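The following exercises concern a predicted model. Each task is followed by a solution in steps.

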Amino acid sequence: MSENQEPHEPIAESELLQIRRDKLELLKEAGIDPFGQYFSTTHEISDLKSNFTEDSLVSVAGRITSRRDMGKSQFFDIANAHGRIQCYLNKKGVGDEAFDVFTKMLDIGDWVGVSGKTFTTKVGEPTINIETLTVLSKALRPLPDKFHGVVDREIKYRQRYLDLIANPESTKIFLQRCQIIAEIRRFLEARGFLEVETPMLQDVAGGAAAQPFETHHNALGMDMYLRIAPELFLKRLMVGGLTKIFELNRSFRNEGISRRHNPEFTMLEIYQACADFPAMADMVEEMICHLAENFCGGLQVEHHDEEGNTIRSINLQRPWKRRAYRDCIKEIDSDWFSYSPEQRRTRCQELGIEISEAMEDYEVTQQVFEKLVEEKTFDPCFVTHVPKELVPLAKQNAEDGSLVDVYELIINGQEISPGYSELNDPDAQRSRLKHQAGEETQKVDEDFLLALEYGMPPAGGVGIGIDRLVMMLTGAASIRDVVLFPQLKRRE
RNA sequence: GCGUGGGUAGCUCAGCUGGUAGAGCAGUUGGCUUUUAACCAAUUGGUCCUGGGUUCGAAUCCCAGUCCACGUACCA
């Protein structure tokens, strides 16, 4: 839209912006391209800093983030997300013209390329003594406060770039997220898993019980859904003989937004033929510990509040606890399973747990689990053998048909990962999907059931909510702090 | 959805029971050739979220809307 504006049309903007526009004109008048060109660098800022040697000729590029004007001597920092380096500009050293460009036409926020020799100042700061200064991009708006950063949550999320510029602790979390995701791919590839991509646009939104986003394909004249899970397509691939696979990508759920929920979220699903849920639990345990040790400072993960006080310490030391669902409930009330359904409802009121009339008996128990077990479990715990009604895609337990062979990995008061021994009996699968109880049910995908009839090997499967995993590993309090562009309401 | 709290300068914030809208940083001007939240001096900058109401007078009180946060429900 700015392209439609006449360059000299008066813009009703603050004086602050006008001053920057004036400097833009000064650059143009001096024959300098304010938006730069190719610039050859010898180092990344971060590498230069970590392997600093004096008196070497270097070229680096970055954004001016602060300046200290001492008259004929100018100190300033250039930085990007990975690092910061101090630059020194001396009027005699660079000549009057270049010096004027810096003092009269450049601001904090502008991108520059600098070339010069490295040295260390009196107080020990690694610095580049600038010989040539190249303008790479003029910033037409001022940056946020360098000391306080961006505190306003709305700016942080709507203008993430400002958060990244001003708040190193935010940048750190996103860099950790990148490393974690890259390492998950390496970890699985090293174990012979193949990364696949399955449809996000689906005819039937299956594989989970959640509201999907609806859309429409014009040429086909058909309504479609954004996937709520990739599961049913990954299982089709196992029917096709791809027996060690994973998908690490977005799913979409048209549900409420909260500290723990974003409508699009990143999910990892892993399937391994001829494995079962305990085998998958072992692998997940190994993987998460590997990630914590490599990118999060070890197996003791500390969470801090805004003031920096430690509010929680999560111990990821192996082996992780494994407990049957029923034993977890019995720890709350040892007689729970000898009560009648009515007694359980009464007991819920005593325990301060809200339940609705419409809830089935197993859902009442599940409420107890969620409020009194899950939300109070911070160190890792695999909760196994849950009631079969909760998980229609998992194999029934051989000894107790009311249970399924699954784990739910709880860490940090949240479910981080479910894992199943996957149900591969097509008739049992059909009947389980058709006889689901409760309010939220999974859609029946006939094409998936058809695939199962051709034979899917027994398999272990895992889902991991990557956003929540990153929250747990980095101590982020909100999913919005680990998703670069979280969903917000449109601003009119 | 519902409930509670919040929205004041580019950023971070103060502004009492209604009485001329404030500070720090950033910016501007001047000074200073090893500073680093540089420093010293001066100085500019406001749709107090939007709309309505009460009042002689509203950033402040009331109503509605809007966005954000937190809690809650659905959900992972």
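**Exercise 1.** Determine which residues Ser417 is in contact with, leaving aside its neighbours within four places in sequence, and state whether Ser417 is buried or exposed.

*Solution.*
1. Locate the residue: Ser417 belongs to strand β17, which spans residues 414-421.
2. List the contacts, with neighbours within four places in sequence left aside: Ser417 touches Val284, Tyr407, Glu408, Leu409, Val462, Gly463 and Ile464.
3. Examine the side chain: that of Ser417 lies 2.8 Å from the backbone oxygen of Gly463.
4. Classify the residue: buried means under 20% relative accessible area. Ser417 has 0% relative accessibility and is therefore buried.

**Exercise 2.** Identify the strands that pair with β15, and give the sense of each pairing.

*Solution.*
1. Begin with strand β14 (residues 321-324): this strand runs parallel to β15, and four bridges join the two. Within β15, Phe382 is the bridge partner of Arg322.
2. Turn to strand β16 (residues 406-411): the pairing with β15 is antiparallel and also comprises four bridges. Here Ile410 of β16 is the bridge partner of Cys381.
3. Inspect the faces of β15 (residues 381-384): Cys381 and Val383 are buried on one side, and Phe382 and Thr384 are buried on the other, so that both faces are covered.

**Exercise 3.** State which domains are assigned to chain A and what distance separates their centres.

*Solution.*
1. Read the assignment: domain 1 covers 13-143, while domain 2 consists of 162-320 + 379-481.
2. Take the centres over C-alpha atoms: those of domain 1 and domain 2 are 46 Å apart.

Note on methods: Residues numbered from 1 in each chain as written. Chains lettered and ligands numbered in written order. Predicted model: local features only at pLDDT ≥ 70, side-chain atom pairs only at ≥ 80, totals over all residues. Heavy atoms only, no water. Domains from an automatic or database assignment. Buried < 20%, exposed > 50% of the residue type's maximum accessible area, 1.4 Å probe, protein only. Polar contact = N/O pair within 3.5 Å; in protein donor to acceptor, adjacent residues only side chain to side chain. Contact = heavy atoms within 4.5 Å. Pairing = 2+ DSSP bridges.
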